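Trainee: I've got a new structure up on my screen and I'd like to talk it through. Can we go over it piece by piece?

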Amino acid sequence: MSAATTRSRTPDRLCAEAVDLARAAAEEAAAPGVVGEHEGMVSEGDRVVTHYFACKELGYRGWRWAVTVARASRAKIVTVDEAVLLPGPDALLAPEWVPWSERLRPGDMGPGDLLPTDAEDLRLEPGWTGEDEPPPNSAVSHEMADLVEAEDAEVTAGPPAELRTAPARGTIAAVAEELGMRRARVLSRYGLHVAADRWEEGYGPKTAMAQAAPASCVSCGFLARIGGSLGQAFGVCANEFSPADGHVVSLAYGCGGHSEAAVMPKPPRVAPPVIDETRVDPFPLRPAADSGSVPVAEDEASAELGHS
């Protein structure tokens, strides 16, 4: 039989009556004035009883001081086993602890923060697989060089047998390292899909902005193309007035800042004058005699007044 089945459900009388002893033990463990009224007791086993007292400490709503008392067989003296603060059924508890790797969200990193990456991260894969290394049975491989040194034998005659290690210069990895292009790990296919799904969710065709856009980004003049396989579906927005400025956007995304959404009309231009060079218009140097307002014939009245 287990120990739980052998416990007595009836509290021991002397242990049950040791309320003052349990209160004194709780007050000794707690700060003065934070031990409240007695809230009951529970039989933990033969001659073992736990007394509960309310906790008046601020911020510990629903918590209780639990003091366990016991007495030896055939003894009449009750002693204190332990006094501890425990949460009750309706206690205010802290949320369940979540590892930092699951609590981290985009945008949480600040200046100076370091984010470690797991060595087995599925989003990454080795950037250099060592395919340019010589095979193990080659005369210039590390394995064969160690074998030559251990056996004191010549694998092949000539210069290759004298090469203990693979030559560093001239290999693909060496050239890439000199050019600054060698990376320990690169994005895996899984990492590409995860990034594409995340970008599609933030700036994709299913967003409210894209649904109300007059056209998609694939025809926008502010779209900056990116290279690689992701460039077939994504680009970078370069419109400073767009909500996606500086973000990777789907080619099917769109906003009101599309370069061709509302093109400003050009001001009307006045047509140039048309000159008819097939005819000649006369321009006399002197006006005609009958073109003025004064008649040519002089009467006697006007002559007397001196009018011409």
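What follows is a chat about this predicted model, from the whole chain down to single residues.

Trainee: Let's begin with the overall picture. What share of the residues in the protein is buried?

Mentor: Keep in mind that this is a predicted model. The secondary structure comes to 9 helices and 9 strands. The protein has 308 residues, and the buried part of them is 23%.

Trainee: And the outside? What percentage of the exposed area do carbon and sulfur atoms supply?

Mentor: The protein exposes about 23,600 Å². Of that area, the part that comes from carbon and sulfur atoms is 56%.

Trainee: Now the sheet. Which strands are at the edges?

Mentor: Here we have an open sheet of 4 strands, with antiparallel pairing and the order β1-β2-β3-β4. An edge strand pairs on one side only, and that picks out β1 and β4. From one strand to the next, the twist averages 20°. So, going by which strands pair on one side only, the edges are β1 and β4.

Trainee: How many bridges join β1 to β2?

Mentor: These two form a hairpin with 2 residues between them, and Arg 47 in the turn has a positive phi of about 60°. Gly 45 stands opposite Val 48 in β2, while Val 35 has Cys 55 as its bridge partner in β2. The strands run antiparallel, and the number of bridges joining them is 7.

Trainee: What angle does the direction of α3 make with that of β1?

Mentor: Helix α3 packs on the sheet, where it touches β1, β2, β3 and β4. Its direction and that of β1 make an angle of about 115°.

Trainee: Which residues of α3 are buried, and why are they on the same side?

Mentor: Helix α3 takes in residues 19–29, and its buried residues are Ala 22, Ala 25 and Ala 26. They cover an arc of only 100° around the axis, so they end up on the same side of α3. As a rule, an α-helix has 3.6 residues a turn, so residues three or four places apart point the same way. What covers the buried residues includes β1, β2, β3 and β4, and the residues themselves are Ala 22, Ala 25 and Ala 26.

Trainee: Which residues are exposed on the other side of α3?

Mentor: Turn away from the buried alanines, Ala 22, Ala 25 and Ala 26. On the other side of the helix, the exposed residues are Asp 20 and Glu 28.

Trainee: Asp 12 caught my eye. Is it buried or exposed?

Mentor: Asp 12 sits in the loop between α1 and α2. Its relative accessible area is 13%, and the cut-off is under 20%, so Asp 12 counts as buried.

Trainee: Which residue's side chain does the side chain of Asp 12 join in a polar contact?

Mentor: Beyond four places in sequence, Asp 12 touches Arg 47, Val 49 and Arg 71. Its side chain also reaches the backbone nitrogen of Leu 14 at 3.3 Å. The side-chain partner, in a polar contact of 2.9 Å, is Arg 71.

Trainee: Last one: how far apart in space are Tyr 60 and Leu 85?

Mentor: Tyr 60 lies in the loop between β2 and β3 and is partly exposed, with a relative accessible area of 34%. Leaving aside neighbours within four places, Tyr 60 is in contact with Cys 55 and Leu 85. Tyr 60 and Leu 85 are 25 residues apart in sequence, and their C-alpha to C-alpha distance is 9.6 Å.

How values were computed: Residues are numbered from 1 along each chain as its sequence is written. This is a predicted model: local features need pLDDT of at least 70, side-chain atom pairs count only at pLDDT 80 or more; totals for chains, interfaces and linings use all residues. Side-chain values use heavy atoms; hydrogens and water are left out. Buried means under 20% relative accessible area, exposed over 50%, partly exposed in between (1.4 Å probe, protein chains only). The arc is that of the directions from the helix axis to the C-beta atoms. Contact means heavy atoms within 4.5 Å. A polar contact is a pair of N or O atoms within 3.5 Å; within protein, one must be able to donate a hydrogen and the other to accept it, and residues adjacent in sequence count only if both atoms are side-chain atoms. Two strands pair if DSSP finds at least two bridges between them. Axes are lines fitted to C-alpha atoms, for helices over the stretch in contact, and angles run from 0 to 180 degrees between N-to-C directions. Accessible areas come from the Shrake-Rupley method with a 1.4 Å probe; for residues, only the protein chains shown count as cover.
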